Amino acid sequence: MSSIVVYNTQSRRKEPFVTIEPGKVRMYVCGVTPYDSAHIGHGMSLIVFDVIRRYLTHRGYEVRHIQNFTDIDDKIINRANQEGIAADDLTEGLISAWHEESAALNVLPATAYPRATREIGPIIEMIEGLIASGHAYPVDGDVYFRVRAFPGYGKLSNRNVDDLRAGARIEVDERKDDPLDFALWKAAKPGEPSWPSPWGAGRPGWHIECSAMSSTYLDGQVDIHGGGGDLIFPHHENEIAQSEAYLGAEPFARYWVHNGLVRSGGEKMSKSLGNFVRINAILERGLGPAFRLMILQSQYRVPLTYSEDGLLAAERGLDRLRTAAAPAAAGLDEAPPDAGLCQLASTVDHRFHEAMDDDFTAPVAVAALFDLGTAINRARGEGKAAAAIEPARLKLVELAEVLGLDLTPAAGVAGGGDAPFIDLLVRVRSELRTAKQWQLSDLIRDELSNLEIELEDTPAGSNWTRRTT
RNA sequence: GGCGCCAUAGCCAAGCGGUAAGGCACGGGUUUGCAAAACCCUGAUCGGCGGUUCGAAUCCGCCUGGCGCCUCCA
């Protein structure tokens with residue numbers, strides 16, 4: 001079906017993509033702990049895995065895409081207390097905002113969005129299994145995973161347990177058998193949200209929910225398990241330990257896929273550093289598509305350097321692609337397809353798939369799209385018939401869509417309550433131009449420009465757009 | 001201290017042994033009533049020093065400068 005290769009964090013090399021079930025992909029992507037609004041680091045992860053999912057689907061795979069919400073943990077409890085609301089209300093609001101923003105970024109909905117708090121049953125079942133097999137032990141209402149009972153511990157993040165022990169800066173909990181052991185279940189403190197369990201009221205630890213949910217929703221082992229690079233250790237390492245110990249099978253995930261982290265001002269962008277930009281701040285300016293293009297223009301595993309200039313640069317590039325992808329204003333005429341353009345479209349199609357097959361190297365695929373766009377614009381400039389260009393144009397739109405890049409004109413072009421007045425001014429100006437009243441027509445253009453409205457005169461008439469800033 | 005990653009034109013960024021993709025910006029031009037958009041032209045020998053090779057941005061070593069993980073984090 002394909003010759004796709006995927007970089008696997010665990011082996012640190014690209015491997016041929018072979019799924020558990022032929023033609024089907026089980027993909028689990030670690031979502032968020034909703035205690036604050038989403039920033040563009042989350043946006044990058046969202047888009048990276050959306051592109052992977054879209055491409056695999058395009059390649060004929062049936063993709064089951066699960067994304068979770070870890071909707072109970074210390075940060076959530078703390079934040080809810082600060083705001084004087086219930087943890088549930090906090091997470092509910094943030095999750096619905098997440099869905100809205102995700103949709104606005106043109107991210108396809110996942111197959112399912114399980115939440116930790118709604119999967120307590122499977123989580124408890126898994127913990128019981130781990131205790132029964134000697135991989136975990138209860139202490140005073142807590143349950144810990146016995147790291148040294150799992151020989152493969154450290155294989156994902158390439159660490160050995162003795163180095164970890166030496167470097168451990170964690171405050172040592174004397175009740176644990178070993179400082180490395182981590183919590184599967186935490187006993188509830190007074191006033192905390194809790195669920196009944198064989199060990200008393202409590203809540204799941206951080207890592208167990210993903211192990212339980214991925215197995216529950218994807219039938220045990222998975223093909224792709226993804227997330228940001230900052231999840232490799234300890235989160236995913238611990239997931240492997242729990243899941244493989246519980247399932248008695250390996251690998252838990254065939255391909256560990258991690259996106260590079262967004263950097264801002266030379267540092268990782270994160271909530272804890274406070275140097276983040278919210279996704280919403282980008283969406284409000286209509287720059288969602290530009291943001292996606294910016295992400296596509298760098299390889300997903302490499303840290304992304306984010307800057308305002310970079311975002312605007314992507315917006316300008318996107319505009320050029322949109323110009324190329326725009327349907328002929330006057331409709332299609334009679335003309336045979338242009339041979340040269342068709343040939344280029346075919347070459348671009350090939351380059352596109354070759355690049356994406358090779359570990360989803362979108363920057364190269366996008367470069368091919370730009371070449372096609374330039375050729376289309378050139379052909380139009382040379383006066384070629386719209387029908388002659390149409391096949392190439394359709395190819396451009398088709399391939400952009402595979403990447404989730406929407407090339408329809410920028411949102412808000414004709415929107416806004418002032419649109420009728422702007423239309424009127426533009427019409428008056430057209431009359432003035434017909435009468436060669438250039439001083440007045442230029443005045444209107446300049447004044448509109450001061451109001452962030454840009455005019456563009458074409459043989460077919462004048463168009464206006466709102467400037468993105 | 002342990003484990004990794006990165007350093008390519010003004011900025012972003014591909015490249016994975018065979019002679020530097022693409023985007024943005026700048027400058028020149030075509031087009032335009034003038035603009036805008038679009039198109040054309042213009043720019044780098046790849047952090048430094050050694051080594052391997054017929055041949056290296058690509059492999060090895062050292063150096064310098066960044067970054068990530070080891071603690072919550074997409």
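Trainee: What makes the pair formed by Trp438 and a base nitrogen of RNA strand B a polar contact?

Mentor: A polar atom in the Trp438 side chain sits 3.1 Å from that base nitrogen. The cut-off is 3.5 Å between N or O atoms, so this pair counts as a polar contact. Keep in mind that we're looking at a predicted model.

Trainee: How do you know that Ser45 also makes a polar contact with RNA strand B?

Mentor: Same kind of check. A polar side-chain atom of Ser45 is 3.2 Å from a sugar or linking oxygen of RNA strand B. That value is within 3.5 Å, so the pair passes.

Trainee: And what about Lys75, what makes that a polar contact?

Mentor: An N or O atom in the Lys75 side chain is 2.2 Å from a sugar or linking oxygen of RNA strand B. Again, 3.5 Å is the limit, so we count it.

Trainee: Which residues come nearest to RNA strand B?

Mentor: There are 57 residues around the strand, and the nearest are Lys75, Trp206, Gly228, Leu231 and Lys268. Among the atoms of RNA strand B within 4 Å of the protein, 68% belong to sugar and phosphate.

Trainee: Which helix gives the largest share of the surface near RNA strand B?

Mentor: Helix H12, residues 362-381, with eight residues. If you sort that surface by class, you get 18 nonpolar, 22 polar and 17 charged residues.

Trainee: Let's move on to Lys395. Why is this residue called buried?

Mentor: Its relative accessibility is 17%. Buried means under 20%, so Lys395 earns the label. You'll find Lys395 in helix H13, residues 386-402. Leaving aside residues up to four places away in sequence, Lys395 touches Ala345, Asp349 and Leu372.

Trainee: Why is Lys436 called exposed?

Mentor: The relative accessible area of Lys436 is 56%. Exposed starts over 50%, so that settles it. Lys436 is in the loop between helix H14 (419-434) and helix H15 (438-450).

Trainee: Then why is Glu452 called partly exposed?

Mentor: Glu452 comes out at 32%. That's neither under 20% nor over 50%, so the middle label applies. Look for Glu452 in the loop between H15 and strand S14 (453-458).

Trainee: What makes the phi values of Lys436 and Glu452 worth a look?

Mentor: Most residues other than glycine have a negative phi. Lys436 isn't a glycine, yet its phi is positive, about 55°. Glu452 is another non-glycine with a positive phi, near 75°.

Trainee: How do you know that the peptide bond from Phe233 to Pro234 is cis?

Mentor: Check omega, which is near 0° there. Pro234 lies in helix H7, residues 232-247. Glu250 and Pro251 are joined by a cis bond as well, with omega about 0°. Pro251 belongs to the loop between H7 and strand S10 (253-259). For background, most peptide bonds are trans.

Trainee: Last topic, the domains. Where do they run in chain A?

Mentor: The domain assignment gives domain 1 (17-268), domain 2 (285-402) and domain 3 (419-466). The centres of domain 1 and domain 2, taken over C-alpha atoms, are 37 Å apart. Their contact takes 24 residues from domain 1 and 20 residues from domain 2.

Trainee: How much area do domain 1 and domain 2 bury between them?

Mentor: About 2100 Å², with 66% of it on carbon and sulfur atoms. That figure is summed over both domains, so don't read it as the loss of one side.

Terms used
Residues are numbered from 1 along each chain as its sequence is written. Chains are lettered from A and ligands numbered from 1 in the order in which they are written. This is a predicted model: local features need pLDDT of at least 70, side-chain atom pairs count only at pLDDT 80 or more; totals for chains, interfaces and linings use all residues. Side-chain values use heavy atoms; hydrogens and water are left out. A residue is near a molecule or strand if one of its heavy atoms lies within 4 Å of it. A polar contact is a pair of N or O atoms within 3.5 Å; within protein, one must be able to donate a hydrogen and the other to accept it, and residues adjacent in sequence count only if both atoms are side-chain atoms. Helices (H or I, at least four residues) and strands (E, at least two) are DSSP runs, numbered from the N terminus. Ala, Val, Leu, Ile, Met, Phe, Trp, Tyr, Cys and Pro count as nonpolar, Asp, Glu, Lys and Arg as charged, and the others, Gly among them, as polar. Buried means under 20% relative accessible area, exposed over 50%, partly exposed in between (1.4 Å probe, protein chains only). Contact means heavy atoms within 4.5 Å. Domain bounds come from an automatic or database domain assignment. Buried area is the accessible area (1.4 Å probe) that two parts lose on being put together, summed over both.
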